[in-house]
Protein chains: 6
Amino acid sequence: MHNISTTSSFIGFDQEYDTSPVVLVGIPFDGTTSFRPGTRFAPAVVRPDSYGLETYSPYLDLDMEDYNLCDLGDIELPFGNTTKALNTIYKTFAQIIKDGKRPLTIGGEHLVSLPIIEAFSKIYPDLCIIHFDAHTDLREDYMGESLSHASVIRRAWDILGDNRIFQFGIRSGTKVEFDWAKSHTYLQPFNLDSLEEIIIQLQNRPVYITIDLDVLDPSIFPGTGTPEPGGIDFNTLIFAIKQFTKLNHIVGADVVELSPHYDISGVSTATCCKVIREMSLLLSHKQ
Amino acid sequence: MHNISTTSSFIGFDQEYDTSPVVLVGIPFDGTTSFRPGTRFAPAVVRPDSYGLETYSPYLDLDMEDYNLCDLGDIELPFGNTTKALNTIYKTFAQIIKDGKRPLTIGGEHLVSLPIIEAFSKIYPDLCIIHFDAHTDLREDYMGESLSHASVIRRAWDILGDNRIFQFGIRSGTKVEFDWAKSHTYLQPFNLDSLEEIIIQLQNRPVYITIDLDVLDPSIFPGTGTPEPGGIDFNTLIFAIKQFTKLNHIVGADVVELSPHYDISGVSTATCCKVIREMSLLLSHKQ
Amino acid sequence: MHNISTTSSFIGFDQEYDTSPVVLVGIPFDGTTSFRPGTRFAPAVVRPDSYGLETYSPYLDLDMEDYNLCDLGDIELPFGNTTKALNTIYKTFAQIIKDGKRPLTIGGEHLVSLPIIEAFSKIYPDLCIIHFDAHTDLREDYMGESLSHASVIRRAWDILGDNRIFQFGIRSGTKVEFDWAKSHTYLQPFNLDSLEEIIIQLQNRPVYITIDLDVLDPSIFPGTGTPEPGGIDFNTLIFAIKQFTKLNHIVGADVVELSPHYDISGVSTATCCKVIREMSLLLSHKQ
Amino acid sequence: MHNISTTSSFIGFDQEYDTSPVVLVGIPFDGTTSFRPGTRFAPAVVRPDSYGLETYSPYLDLDMEDYNLCDLGDIELPFGNTTKALNTIYKTFAQIIKDGKRPLTIGGEHLVSLPIIEAFSKIYPDLCIIHFDAHTDLREDYMGESLSHASVIRRAWDILGDNRIFQFGIRSGTKVEFDWAKSHTYLQPFNLDSLEEIIIQLQNRPVYITIDLDVLDPSIFPGTGTPEPGGIDFNTLIFAIKQFTKLNHIVGADVVELSPHYDISGVSTATCCKVIREMSLLLSHKQ
Amino acid sequence: MHNISTTSSFIGFDQEYDTSPVVLVGIPFDGTTSFRPGTRFAPAVVRPDSYGLETYSPYLDLDMEDYNLCDLGDIELPFGNTTKALNTIYKTFAQIIKDGKRPLTIGGEHLVSLPIIEAFSKIYPDLCIIHFDAHTDLREDYMGESLSHASVIRRAWDILGDNRIFQFGIRSGTKVEFDWAKSHTYLQPFNLDSLEEIIIQLQNRPVYITIDLDVLDPSIFPGTGTPEPGGIDFNTLIFAIKQFTKLNHIVGADVVELSPHYDISGVSTATCCKVIREMSLLLSHKQ
Amino acid sequence: MHNISTTSSFIGFDQEYDTSPVVLVGIPFDGTTSFRPGTRFAPAVVRPDSYGLETYSPYLDLDMEDYNLCDLGDIELPFGNTTKALNTIYKTFAQIIKDGKRPLTIGGEHLVSLPIIEAFSKIYPDLCIIHFDAHTDLREDYMGESLSHASVIRRAWDILGDNRIFQFGIRSGTKVEFDWAKSHTYLQPFNLDSLEEIIIQLQNRPVYITIDLDVLDPSIFPGTGTPEPGGIDFNTLIFAIKQFTKLNHIVGADVVELSPHYDISGVSTATCCKVIREMSLLLSHKQ
């Protein structure tokens with residue numbers, strides 16, 4: 001039928017899986033969120049709203065139309081069973097990685113990064129993580145649970161060990177977490193000031209990038225479960241993404257913690273969409 | 001990729017065009033809306049929210065899974081040019097009708113019904129219209145424009161003439177419109193009290209059903225441009241749809257005027273979804 | 001300048017003060033509201049939103065354009081000084097009454113009715129009050145204050161005495177208030193069932209009508225400070241207004257307690273606008 | 001310090017545990033919610049908002065101040081581990097029941113009723129359940145999980161067996177669920193029409209009442225995860241509670257599925273508060 | 001009537017047309033908006049909300065009370081007919097310009113600037129445009145329409161030609177638009193860095209200023225149809241307006257694209273009001 | 001009952017009055033608010049939302065758990081009687097000061113600072129005030145009332161006299177107010193640039209700090225009655241609080257003008273909570 005279309009994919013992600021080196025995956029999971037849930041709706045909301053974007057980025061001077069990008073859709077997950085959900089995510093990404101793709105993930109809560117990192121660590125034993133967040137996410141456990149959005153980076157450390165995790169923009173955590181970080185991760189509090197030097201250090205290593213969007217100030221990103229005033233502004237985040245172009249081996253990335261119902265203006269969703277566009281261009285342009 | 005799905009269609013509309021006698025079409029148009037625009041977003045919102053529904057209707061005791069239903073997607077329309085938009089809609093529906101389908105349309109504003117009615121009138125010169133609405137929609141023109149949501153039924157009368165249009169639930173209009181209706185349409189004010197007798201009268205005639213959802217009371221349907229307190233309740237509308245099963249020749253139907261941004265609770269969208277489910281079963285079950 | 005207009009009046013209220021027997025007055029006061037303030041914004045919101053209405057009422061089969069109606073605007077009031085505010089209101093209405101007008105007031109909180117009733121009581125010592133409300137408003141005092149929205153009808157009784165106040169739709173109050181009402185006012189709990197017989201009784205007496213819109217169910221009127229589920233529906237209220245046409249001497253009326261910010265859908269404001277239209281036609285058509 | 005108070009309890013629940021036969025318990029759990037989470041916030045929201053209520057009910061002509069009522073506060077639960085959460089709830093209620101209390105619970109999602117019912121079934125092997133809901137909640141499993149809000153009544157049946165569960169107001173479910181109900185529960189679809197006869201039948205049996213507030217129409221209760229138009233109105237629910245006074249042995253009750261963030265008007269919370277008041281008076285007045 | 005006022009004008013705009021060199025005009029038009037409509041409500045919302053402002057600007061150290069300012073009200077426009085609407089705007093402004101006024105316009109969508117620019121170009125053939133925006137607005141056409149908010153500056157170029165249009169803050173557009181701009185307009189991407197030098201260049205030329213408020217970051221201005229993170233902050237905009245005082249011949253200005261319903265906090269409207277105050281002082285103080 | 005808690009206090013304020021040098025007091029008063037009321041709800045909202053915070057501040061490297069902090073609860077106040085309310089506040093704080101406590105107050109509107117300042121001035125005749133605000137608050141009277149949120153600092157000057165009041169961040173007021181400030185207070189417009197030098201000057205004097213949160217930009221703090229774009233950002237406010245650690249004699253502080261209903265995202269409340277945490281640590285750590 002001419003003149004009719006169903007726009008179910010993210011803008012610019014209009015190619016087939018087989019021919020696309022970069023694939024978008026939604027993970028609508030928020031089962032361990034402690035404060036205000038709702039990140040499970042992020043993938044469903046970003047796709048239609050992405051059509052308010054252009055495919056061209058004036059920041060990177062790159063256009064999504066010049067690359068093969070595939071939107072796989074969302075992973076179907078059970079509710080109320082965290083272990084089973086993480087296992088499903090793990091298997092899906094093991095396959096994607098085996099197929100030689102660079103996955104870009106839309107969460108969901110931050111815990112979804114854990115099985116992705118685990119799947120990558122099997123292929124890249126020397127994997128490093130660049131982590132943008134307002135929160136340390138380094139708890140040994142949270143209210144008795146070891147698998148939680150508040151402990152996701154601690155669990156990633158269980159897999160990767162010391163000197164592999166580089167955290168930026170952190171402005172909230174317990175004293176215990178900040179102290180623990182001193183000997184186990186690199187932690188830049190409040191801002192991204194030292195990002196450039198870390199990027200130089202990681203230039204030729206396999207790097208996975210995990211962006212908890214609450215690293216942004218809640219003025220530009222109110223749509224999240226635990227808003228933390230004092231975050232970085234949008235242009236700082238975009239500039240960081242431009243810096244990432246100096247990394248020679250980015251294996252994948254995720255963008256998590258959009259909770260769209262807390263921002264009825266739609267600004268948070270628009271912000272998330274733009275970060276996804278920039279990250280898709282970053283993952284595409286060079287490799 | 002197993003475990004992954006992109007749910008871009010309305011729930012239960014999962015078949016191909018060729019094998020489906022009933023097809024769903026979205027028309028995201030609100031170019032002539034006078035008071036509060038936003039109906040263009042209705043199709044994009046009802047599809048993901050439809051997954052809060054079951055495919056089974058306890059009202060009709062029918063299940064969408066027992067029928068072939070196809071969701072065509074949305075018609076792509078230009079903004080700011082009403083004539084061109086109506087022409088595009090007309091051509092699309094002429095083809096759908098020619099293909100022997102019974103189309104179910106999600107608006108958009110009420111004016112989108114006009115080209116559909118026009119297309120049907122070419123095939124069924126004796127077409128009758130059952131019209132549920134809070135407003136008469138019988139203006140000769142509105143602020144100088146003859147093509148407007150406020151004059152859509154008057155324009156349908158230009159095509160069909162007297163004794164073809166049956167209006168129910170009307171509770172707003174100018175005195176001139178109410179007076180004009182006395183000699184040109186059948187108009188039941190405020191409620192659906194006389195619906196049963198009209199249905200008997202139209203039993204074997206070709207009937208098109210147009211439901212402006214603002215016929216419902218704004219308590220259950222606040223998400224619309226011109227809320228009019230004093231409307232019918234949801235069960236009354238469902239009972240009317242059950243009555244429609246006595247009609248032997250329903251050619252198509254539309255459900256218009258959901259403006260989702262005015263109801264952030266999502267209730268209006270849930271209401272619209274349920275009406276679409278019932279109407280799809282009505283169009284499917286018998287013919 | 002042709003083609004340009006400033007629509008600062010309520011729809012249909014487009015005549016001068018001198019020639020208008022019915023005048024609209026806004027009183028943006030909510031100084032004693034205990035739970036959720038905001039009724040002070042009602043007058044500013046109903047005027048522009050009234051243009052979503054028609055001037056013709058299909059309920060009363062009357063048109064505002066057939067009557068002389070004047071919108072005086074809002075009374076300017078100090079904040080934080082209840083006594084001074086009430087005094088200003090009193091003086092304004094004493095003048096309006098002296099000029100032979102029938103005032104229709106938009107509140108503001110319910111306490112604004114008190115100085116209006118007081119002003120009328122000087123001219124009509126046998127004044128009766130018909131009072132629609134969810135709440136008794138009969139407290140002797142409220143948190144130590146004798147002038148309060150929760151005691152407005154008790155204060156009116158101080159002026160008028162027994163057998164003058166007729167309350168309908170009441171569904172909230174202390175046990176003390178309900179007990180006190182038994183010997184001092186007529187109180188119909190929950191609904192308007194006995195309205196018709198009271199109207200017959202008051203047919204030739206001077207009657208002031210005060211409608212606290214929270215008498216309506218919060219499903220149709222969520223925009224109020226103290227929502228009380230279980231209220232009457234809109235059509236019941238409209239039917240009551242039709243009943244009022246049997247009263248031969250309505251001296252004035254008010255419509256209070258719209259707090260528009262609590263209902264971002266705009267339905268509460270639309271409901272208030274329609275009640276004002278019907279009340280303006282009631283005050284106009286006969287006398 | 002005089003003149004200062006911290007009002008952390010529900011209005012009227014101001015007594016100690018030891019002297020109170022009726023106790024209020026909050027369960028902020030929504031870990032298995034499939035569509036829109038947020039019921040975990042209900043207990044935190046109803047307490048401060050309850051101060052918009054009176055302690056006196058004109059419906060039952062009873063006053064909370066005449067009874068000893070204790071607000072225990074909220075149960076602390078882990079996130080992301082359903083089994084552990086249900087176990088914690090079970091133990092807490094086993095103690096409350098052992099102490100001879102009649103607990104009134106505020107959810108949380110509907111699954112929280114399961115461990116309460118289980119705890120009661122140990123003491124009352126002939127326990128019956130009166131269940132108000134929009135949904136059947138009778139799934140064998142939901143997306144592979146047997147413990148879910150969508151299967152809570154099915155799991156209760158696993159404990160209690162046939163002829164013990166009486167469902168009212170049901171208007172959504174799969175065809176399989178409606179068919180299963182025919183031989184295992186009593187199911188009144190759409191409304192409460194047969195409630196009176198069932199109450200007579202259960203008059204002297206131990207009865208637990210579980211009210212999923214989505215049995216109400218979303219016009220008066222939009223603040224819930226899966227709004228289902230076509231529900232009962234508030235006065236019908238209040239009348240049902242009055243009918244419950246004919247039951248001689250109500251052991252406890254719960255009120256679940258308020259999700260306050262979806263209704264920023266506060267009406268849903270006000271509705272929930274009033275239901276809690278009426279239920280607390282029901283549990284108190286006779287036994 | 002003393003003590004009563006109808007405040008239908010923007011604060012400080014309280015003089016007559018004949019004596020006011022600066023006049024405020026509202027244009028409630030959003031007929032071509034592609035993403036989220038609603039700018040038509042901006043004029044109706046800014047007037048009452050302007051009373052939250054002072055008339056004195058501490059930025060410019062000027063007070064609106066020291067100047068003659070007239071609020072003309074809103075232009076009445078048909079819906080659904082873009083050509084007719086633009087024609088009406090053109091005629092109105094031709095008259096205002098002929099009367100020697102400096103008009104300050106509140107949109108409405110950005111397309112309303114086109115007929116104003118056209119009217120000025122007849123009097124000032126060497127007219128220059130300073131354009132603040134997030135978007136290039138340079139499309140040859142948009143979905144087949146040449147008259148659209150997305151092509152308004154391209155259409156202005158059709159009238160004015162090369163070297164007349166100076167664009168600032170641009171951060172969104174197609175690659176084609178950015179490329180086209182290189183040879184036809186001056187385009188400063190992302191910020192206002194080069195504004196000062198352009199102002200020197202235009203010091204003695206007739207300049208029209210068009211401010212699409214989405215040049216601001218959506219953190220401070222979420223109430224717009226297409227929010228684009230990464231914009232300038234409010235103080236940067238105010239500083240730019242201070243810079244404008246160096247221009248000797250500003251013929252008029254507009255402030256467009258406020259869509260108030262997308263920001264229920266009212267911050268976007270407050271921001272728009274303050275920009276209007278500063279612009280009215282800029283237009284008044286010198287000439 | 002184990003596993004159950006009622007969290008009615010602000011996070012970290014879990015000690016008794018007698019052993020706590022720093023006490024938190026809520027004052028839910030907004031009786032004189034001129035534009036948009038609602039600050040009375042702030043204390044009720046910040047307490048439960050504070051549990052989204054950690055007790056540890058990475059800014060000050062201090063933890064609330066290391067100090068004795070007591071949350072007294074809210075002062076009970078009458079509605080509609082400003083004088084009586086201020087008197088009640090005065091008496092309460094006179095007692096708190098007499099007991100040797102350093103009170104930290106959550107408003108309520110800004111007028112609540114007046115009786116606190118008055119109570120302190122009796123003990124410290126040389127008291128100085130550091131005042132953060134968007135508004136001068138220096139009106140002689142406001143709409144005829146001398147006691148008003150718009151004149152609170154002028155009234156404080158009546159008590160304290162010249163050279164005692166230091167105002168920062170001011171960006172709104174009448175010309176008269178700004179002129180008056182030149183000879184009676186220290187007023188730093190727009191920002192906090194000169195704060196450091198003033199702090200040195202006040203190092204050993206008794207200082208009361210009053211923070212009207214609207215000093216913050218409305219991008220991060222939209223939940224206030226009169227949003228004023230152009231404010232300071234959150235990190236600037238935090239840096240100022242760090243500067244305050246150089247003051248040797250801070251007697252108390254308040255944080256006022258959060259109006260939570262205007263920001264349904266919860267960001268304003270989260271911001272207020274974090275300011276309260278930092279201020280409680282400031283008041284605790286040294287003295």
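Buried area is the accessible area, found with a 1.4 Å probe, that two parts lose on being put together, summed over both. The size of an interface is often given as the accessible area lost when the parts come together. By this reckoning, chain A and chain D bury about 1,800 Å² between them, with 54% of it on carbon and sulfur atoms.

The structure is a predicted model, in which local features need pLDDT of at least 70 and side-chain atom pairs count only at pLDDT 80 or more, while totals for chains, interfaces and linings use all residues. Residues are numbered from 1 along each chain as its sequence is written, chains are lettered from A and ligands numbered from 1 in the order in which they are written, and side-chain values use heavy atoms, with hydrogens and water left out.

**Two interfaces of chain D**

Contact here means heavy atoms within 4.5 Å. Where chain A meets chain D, the contact takes 24 residues from chain A and 24 residues from chain D. Across this interface there are 2 salt bridges, a salt bridge being a side-chain nitrogen of Lys or Arg within 4 Å of a carboxyl oxygen of Asp or Glu. On the side of chain A that touches chain D, the residues divide into 9 nonpolar, 10 polar and 5 charged. In this sorting, Ala, Val, Leu, Ile, Met, Phe, Trp, Tyr, Cys and Pro count as nonpolar, Asp, Glu, Lys and Arg as charged, and the others, Gly among them, as polar.

Chain D is also in contact with chain C, where 21 residues of chain C touch 20 residues of chain D. These two chains bury about 1,700 Å² between them, and 61% of that area is on carbon and sulfur atoms. The count of salt bridges between chain C and chain D is 3, and the residues on the side of chain C that touches chain D divide into 9 nonpolar, 6 polar and 6 charged.

Over all chains, the structure holds 90 salt bridges. The table gives some examples between chains.

| Lys residue | Acidic partner | N to O distance |
|---|---|---|
| D:Lys274 | C:Glu228 | 2.5 Å |
| D:Lys84 | A:Glu145 | 2.9 Å |
| D:Lys175 | B:Asp61 | 3.5 Å |

For the pair of D:Lys175 and B:Asp61, the lysine lies in helix H5 (residues 175-184) of chain D and the aspartate in the loop between strand S3 (56-57) and strand S4 (62-63) of chain B, so the pair joins two chains. Helices (H or I, at least four residues) and strands (E, at least two) are DSSP runs, numbered from the N terminus.

**Strands and backbone in detail**

Within chain C, strand S8 (residues 165-170) and strand S9 (residues 186-189) pair in the parallel sense over 4 bridges, where pairing requires that DSSP finds at least two bridges between the strands. In this pairing, C:Phe166 stands opposite C:Tyr186 of S9(C). The chain crosses from S8(C) through helix H5 (residues 175-184) of chain C to S9(C), a β-α-β crossover that is right-handed; that is, with the strands pointing away from the viewer, the path from the first strand over the helix to the second runs clockwise.

A cis peptide bond, with omega about 5°, joins C:Gly107 and C:Gly108, and C:Gly108 is found in the loop between strand S6 (102-106) and helix H3 (113-123) of chain C. In chain D, the peptide bond from D:Gly107 to D:Gly108 is cis, with omega near 0°.
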